[in-house]
Amino acid sequence: MVTLRPLGLLLCCVAAVPGQTLDERIRKETDAIRARLIETRRDLARHPELSNREVWTGKYIADRLRELGFTEVRTNVARHGVVATLRGGKPGPVVAWRADMDALPVQDSGEKPFKSQIDGVKHACGHDAHMAIALGVAEVLGKLKAELPGTVKFLFQPAEEGAPEGEEGGAALMIKEGALENPKPAAIFGLHVWSQAPSGKIHYTPGGAMASSDGFELTIKGKRVHAATPHLGIDPIVVAAQCVTAMQTIRSRRVNPLDPIVLTFGSIHGGNRGNIIPDSVTLQGTLRTLDEKIRESARSMVRQTLEGCTAGSGASYEFKWNATVYPVTFNDPELTQGNLGALQRVMGPGNVELARPTMGAEDFSFYTRVVPGFFWFLGIADAAKGTTGAHHTSEFAVDEDVLPLGVRAAAGQIVDFLIRGK
């Protein structure tokens, strides 16, 4: 349990330079590495690697941390992840910062010098920026090490986008392999660059901030027959259509209208000729919620609905949830409120905005099941710079001017937590 001191103590603590506040020191150190932040992000952008394949990236991160003077650097966590520990010169709590490492199977359409050198792979979600910011925070806090009242753990995590079929990976495997142990943090923080927010703005949401995501595969089984004699078979296409419609009533009739839930079918395949009723149809989709109780209830409703809509037509079904699932990303309300002061001082009160939750998912959610967490969004959208492209697309781009802001906000947030905790 971390007891927090009044926020006003922050500016009078950790002041090795007479007349300089901690925020001013962090700003000065961050300004000094601005060019290196950008080059780091570009190095990572040139060498994107898919989930659970981050070999070059893991070595790059570990080498950089050792160059910065980190002596506690653990590699090959969750395959290619890195956990580094910075122990301050004064006693205090432990806090963790997480950055994800993997890229996406997206073709880089850009023509900049730091365009991806790997065909068909791109950092199309900003993880290169996350790693660059985390390395910048490590460098800045390393220079404040003697005065830090506590310990900071940096988690560079592979496979946030989901491990390949049949493999473990991501945050769940990081936790399984001890990333949150020895020492265990009292809290964990992280950020995501966000193309839906203007550059330089921070968006945050207490409580359920990002949705759970449960992928599924459904096979409707009927009986193959000629299209001219449908009464002699069982048409799985018609049954599939009925099931898709019936499943939407989970949202519209069985869940409180004020509770967000999205049930999506993104893929449907069946049959090979227009004059043959096939014997099966396969559908794939996702279920997303912002509350774990609603999530479990909705998962049960999915099976109940399938039982009814298939049995009534004489069909059967096979259903399975995907191995890769994401819980709700839950921002601890007290922790979130306690950290707003640091973010507002760095960004300016008008640039830290309460935002509605997003139905996108994040495996940062696994960490928040173990320790309290706070995950926020850093805006990168600037139409003049061409950085408004959607995440997971070839048009996605990062406004590099926000990288120093990310470092300052993250470093200020971390040190603020250490000083307020005892």
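These legends walk you through close-up views of a predicted model.

**View 1. Four strands make an open sheet, in the order S10-S12-S8-S13.** The pairing in this sheet is antiparallel. At its edges stand strand S10 (261–269) and strand S13 (316–326). Each has a single partner strand, so one side of each is left without a neighbour in the sheet. On average, neighbouring strands are turned by 20 degrees against each other, direction ignored. As a general reminder, strands of a sheet pair through backbone hydrogen bonds, either parallel or antiparallel.

**View 2. Strand S8 meets strand S13 in the antiparallel sense.** Here S8, which covers residues 213–221, pairs with S13 over 8 bridges. To find your place, look for Lys221: its bridge partner in S13 is Ser316.

**View 3. Helices H6 and H7 both touch strands of the sheet.** Helix H6 (residues 236–254) lies across S8, S10 and strand S12 (280–289). Its direction runs at about 170 degrees to that of S10. Helix H7 (residues 292–311) packs on the sheet too, where it touches S8, S10, S12 and S13. Between the directions of H7 and S13 the angle is about 160 degrees.

**View 4. A disulfide joins Cys243 to Cys309.** The two sulfur atoms are 2.1 Å apart, and the count for the model comes to 1 disulfide. This pair links distant parts of the chain, with Cys243 in helix H6 and Cys309 in helix H7, 66 residues apart. The torsion about the S-S bond is about 95 degrees, so the disulfide is right-handed. Both Cys243 and Cys309 are buried. Another cysteine to look up is Cys125, which is buried with a relative accessible area of 8%.

**View 5. Helix H1 has a buried side, and exposed residues on the face turned away from it.** In H1 (residues 22–32), the buried residues are Leu22, Asp23, Arg25, Ile26 and Thr30. Seen down the helix axis, they fall within an arc of 160 degrees, so they line one face of H1. It helps to recall that an α-helix has 3.6 residues a turn, so residues three or four places apart point the same way. Turn to the face away from the buried side and you will meet Lys28 and Ala32, which are exposed.

**View 6. The buried residues of H1 pack against four helices, H2, H4, H8 and H9.** Trace them by their residue ranges: H2 spans 34–46, H4 spans 127–143, H8 spans 333–347 and H9 spans 403–420.

Note on methods
Residues are numbered from 1 along each chain as its sequence is written. This is a predicted model: local features need pLDDT of at least 70, side-chain atom pairs count only at pLDDT 80 or more; totals for chains, interfaces and linings use all residues. Side-chain values use heavy atoms; hydrogens and water are left out. Two strands pair if DSSP finds at least two bridges between them. Helices (H or I, at least four residues) and strands (E, at least two) are DSSP runs, numbered from the N terminus. Axes are lines fitted to C-alpha atoms, for helices over the stretch in contact, and angles run from 0 to 180 degrees between N-to-C directions. Contact means heavy atoms within 4.5 Å. Buried means under 20% relative accessible area, exposed over 50%, partly exposed in between (1.4 Å probe, protein chains only). The arc is that of the directions from the helix axis to the C-beta atoms. A disulfide is a pair of cysteine sulfur atoms within 2.5 Å.
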